[in-house]
Amino acid sequence: MAEQQQQFYLLLSNLLSPDNVVRKQAEEAYENIPGQSKVTFLLQALRNSAAAEEVRQMAAVLMRRMLSASFDEVFPSLAPDVQNAVKGELLLGIQMEGSSNIRKKTCDIAAELSRNLIDDDGNNQWPEILKFLFESVSSQNVALREAALHIFWNFPGIFGNQQQHYLDVIKRMLLQCMQDQENSTIRMLAARAAAAFVLANENNTPLQKHFADMLPGILQAVNDSCYQNDDSVLKSLVELADTAPKYLRPHLEPTLTLSLKLCADTTLQNMQRQLALEVIVTLSETASAMLRKHSNIVSQAIPQMLAMMVDLENDENWSNSDELEDDDFDSNAVAGESALDRIACGLGGKVVLPLIKEHIMQMLQNPDWKYRHAGLMALSAIGEGCHQQMEGILNEIVNFVLLFLQDPHPRVRYAACNAIGQMATDFAPTFQRKFHDKVISALLQTMEDQTNPRVQAHAAAALINFTEDCPKSLLLPYLDNLVNHLHVIMVAKLQELVQKGTKLVLEQVVTSIASVADTAEEKFVPYYDLFMPSLKHIVENGVQKELRLLRGKTIECISLIGLAVGKDKFMQDASDVMQLLLKTQTDSSELEDDDPQISYMISAWARMCKILGKEFQQYLPVVMGPLMKTASIKPEVALLDTQDMENMSEDDGWEFVNLGDQQSFGIKTAGLEEKATACQMLVCYAKELKEGFAEYTEQVVKLMVPLLKFYFHDGVRVAAAESMPLLLECARVQGPEYVTHMWHFMCDSLIKGIGTEPDSDVLSEIMHSFAKCIELMGEGCLNKEHLEELGNIMKGKLEEHFKNQELRQAKRQDEDYDEQVEENLQDEDDSDVYILTKISDILHSMFSCYKDKVLPWFEQILPLIVNLICPHRPWADKQWGLCIFDDVIEHCSPTSFKYAEYFLRPMLQYICDNSPEVRQAAAYGVGVMAQFGGENYRPFCTEAIPLLVGVIQMEGSRTKENINATENCISAVGKVMKCRPECVNVNEILPHWLSWLPLHEDKEEAVHTFSYLCDLIESNNPIVLGPNNSSLPRVFAIIADGITNEAIKNEDACSKRLANVIRQVQGSGGLWTECMTSLNEAQQAAIQNLLNSA
């Protein structure tokens, strides 16, 4: 055994070896040791004070990791006496250990073991550790008091179901330790432990109130620790602001005052000052209404952020640097700018803009360039949060900022470009409409600054932002000037690339050209030959590693120009471009995984697919391999505790999510954006190529279905959801059996996705795709289990909808409720209603496929749908509740009448509702009653007519907000006259109905009205034709207006019928002349178009 132990020590040493081969071998050997033996060896190594400290530390880390990751596989299988021995040895080790570092690590192991020994009922199956905590925390031995606090900080849930019983004792012990004047370490640890305990009980309001009087002690510890170069307690305060902001409310003023004081103290380290600021900024996000009441603190915090933004270094090489370095996230300037952006979004422009405006104006007049730079960057930062308030004074802001494009200092000119670019995005398209003349010329002038490439490049970047959101009509007058400028700069920079190897400006100019072409579309054709040869030249010759980004952007530019000018113009170069892309693609085995060309290539292929259409299919064998590889990227993830996180940083591309209990989830984000792009491109291929993509559907569906649960990136899940109905359509050519097999593969995951998806935007996409799949697959596509699961999920979603409304009402009663809170609640409400529309989509597809066979299934959610149309519900609930019942009538009649008691009365009452959306849904319901309802609905059609007429004739019925509801009423009257003439006096209503035509807005209902009009004309209805056909000119005008408003399309059956009517009149000489001369020029042209095309 001793020999084995010695070998194990050697193994631990090798795990620390800098030699990769030695370390790898040691890792493999360690993995192969059985779990039970590992426990024994690790514990012995930990307890052997004669062993080297780094070996013992390694043993401690491995032991804790094993308990964290493999507890269930290892610990329960140990004999009971071995389990007790492990527990005893750990407690003994803490008491006897001489090294504070090893003692701390042993405490971590004890906390981890205790975490795993809390059973399902909350019993801690290691009562000795609780006894140990109580004894140690009162001990005269400082090291033992530290150990007890460290364990409690690491696992605040250690008391399990005994917590309530011991609550006063826990509080007394923590307060006692926080008042230990002789030992600052004990005070700091007690403060961190108290914060951890509050965080672990974030939803327990009574407990938080009970512990409120501990906050002054925590704040004192924050202050003291910062001046001892320790920011751990300050980090705990940030966590409280993030997770339990209400806990801070009783002492919010001192919390904010302390944070402000620490932030302003330039003797502290930058990181501590930034963390202190983070407390205030985090509260602006998690408790904005609470913070808005302390505007005095906010008004002092904003100058602190601005002061941080002035903390810039003079870098003489800045102007000519050819590499864009990443932002230094530790710098005060970046931290200040980020804080300003977040606090503006958190508190809103109404609070922030008045507090910052004067400061920025003063900074912009400061002779020191750093202040002017910071002032302009601050303007960029607050645009999103202060959107509404800045929009009113945009004119003066833009005119002022444009002056700084002439500033003597290049970094100020750079910041002015930044502000213009940011405003072009934040205020689009208003910004473009108001300032196109000033901004385009100013940026083009700045782009000629040959001595300062960084400024040139940033002016080009601002131009990209401007053109991306610029309406085409605004850009066209400048197109010639813009293109010529860009061409001159591109040629000059290409020469520089050859002579000096500089490329920064060229990279941005190439993207500017792409952006201009993308907006100008076919108007770019005259300039195509000016650019394409040079762009192809870059792709062909720019093969060096340092030109990868330039080459990628050029590939993007070529494909965007191709898409803009269209297939006819692009075909002259399509073959060359495809060969260049293919060469890059086939060489891609040599491309490194982080090569920026990969994502540009992926998007370029998809654009080529859109340009070439079906002809692109031949390239799929080359394209699909790398695309599938990128779409299949698996991110590196890890479950880490606080100890591990200290060795990793976000700078290495890791992002962390705090899971509580001192644990975090880490993910390396490299490759995630590329993966999302690749998935989106697969969607594009399926959409564009349809059956041409059929042979790839199997591998793509196997990739995409599991990605519905890819929670690391929303875009990936959206693409996965979007792909499902498209893949079914692509696969149709493979036969019904193949499609059914594919549907079975995806159906289960789609339903589960609807039940579990946490993000409302992604959820709506999954629901929309599921509804489309049902429509594609038709009746019988869901088995009994699927229907049951879907029913439960729909029920859950509707119950959640009502519960969320109640919660929002409760928030309106909260003491912190204000206008801004109301805005947020409205946003939440909109999001909820959007999900309701998707529930309606799914039910629509179920009714349209299954007809009345689905009604027994529908009954389980019927009471909730009835609840939607109750009088006290918001208008959106009524609207969508009625839409669902409209579908029941349309697709499930005559059986639908069995539910009439639930919806008929409300439907008739809501024809006259105050909300146009509700009126529209109710009117549509009357129309489908007449069309599909059956005999039982006859009296209700009769009852509805005067109500519908009343709405049509009411004052303002044709205003923008009312027109859709009114047109649905007109259509419903037409449907009753056509399908249920016995329910209405047709001769009395018909003249009125004709006077209301044509419908302009609701194209679907317009088709119904024109179809009925054709019936009436073809049957020579005397009211429609009038005595001696005297009403025909009016009929011609209705038809002409319908064509002009695109309410009648060539492919509609009724357009042929209308054309026949007109042709009959055409042969009657004088009547034809009378009808045509009564029309204006546009109407006459419309009639001619109809005759020519139908």
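Here are some notes on the domains, salt bridges and nonpolar core of this predicted model.

1. Domains first. The assignment splits off domain 1 at 1–122, builds domain 2 from three pieces (126–137 + 169–199 + 207–256), and puts domain 3 at 997–1093. If you're getting your bearings on screen, the C-alpha centres of domain 2 and domain 3 are 81 Å apart.

2. On to the charged pairs. Side chains of opposite charge can pair when their charged atoms come close. The structure has 47 salt bridges, and a few of them are worth a look one by one.

3. Start with Arg145 and Asp180, whose closest N and O atoms sit 2.5 Å apart. Arg145 belongs to helix H8 (residues 142–154), while Asp180 is in the loop between helix H9 (163–178) and helix H10 (184–200), so this bridge ties together parts 35 residues apart in sequence. What about burial? Arg145 has a relative accessible area of 12%, so it counts as buried, and Asp180 is buried as well, at 12%.

4. Next, Asp818 and Arg292 form a salt bridge with 2.7 Å between the closest N and O atoms. This one links distant parts of the chain: Asp818 is in the loop between helix H41 (784–812) and helix H42 (819–850), Arg292 is in helix H17 (residues 288–292), and the two are 526 residues apart. Asp818 is partly exposed at 22% relative accessible area, whereas Arg292 is buried at 13%.

5. Then there's Arg980 with Glu935, a salt bridge at 3.2 Å, N to O. Here both partners are in loops: Arg980 between helix H49 (963–979) and helix H50 (986–995), Glu935 between helix H47 (916–933) and helix H48 (938–953), so the pair ties together parts 45 residues apart in sequence. Arg980 is buried, with a relative accessible area of 11%. Separately, Arg249, Lys293, Glu815 and Asp816 are joined into one network by salt bridges that share partners.

6. Now the nonpolar side. In soluble globular proteins, nonpolar side chains tend to be buried together. The largest nonpolar core in this model has 396 residues, and Phe616, Tyr685, Phe693, Trp743, Leu782 and Phe858 have the most contacts inside it. Which helix gives the largest share of this core? That's H10, with 12 residues.

7. Leu782 makes a handy place to zoom in. Setting aside neighbours within four places in sequence, Leu782 is in contact with Trp743, Cys747, Ile751, Phe770, Ile774, Leu787, Leu790, Met846 and Tyr850. Trp743 also appears with Leu782 among the residues with the most contacts inside the core.

Notes:
Residues numbered from 1 in each chain as written. Predicted model: local features only at pLDDT ≥ 70, side-chain atom pairs only at ≥ 80, totals over all residues. Heavy atoms only, no water. Domains from an automatic or database assignment. Salt bridge = Lys/Arg side-chain N within 4 Å of Asp/Glu carboxyl O. Helix = DSSP H or I, 4+ residues; strand = E, 2+ residues; numbered from the N terminus. Buried < 20%, exposed > 50% of the residue type's maximum accessible area, 1.4 Å probe, protein only. Core = buried A, V, L, I, M, F, W, Y, C linked by side-chain atoms within 4.5 Å. Contact = heavy atoms within 4.5 Å.
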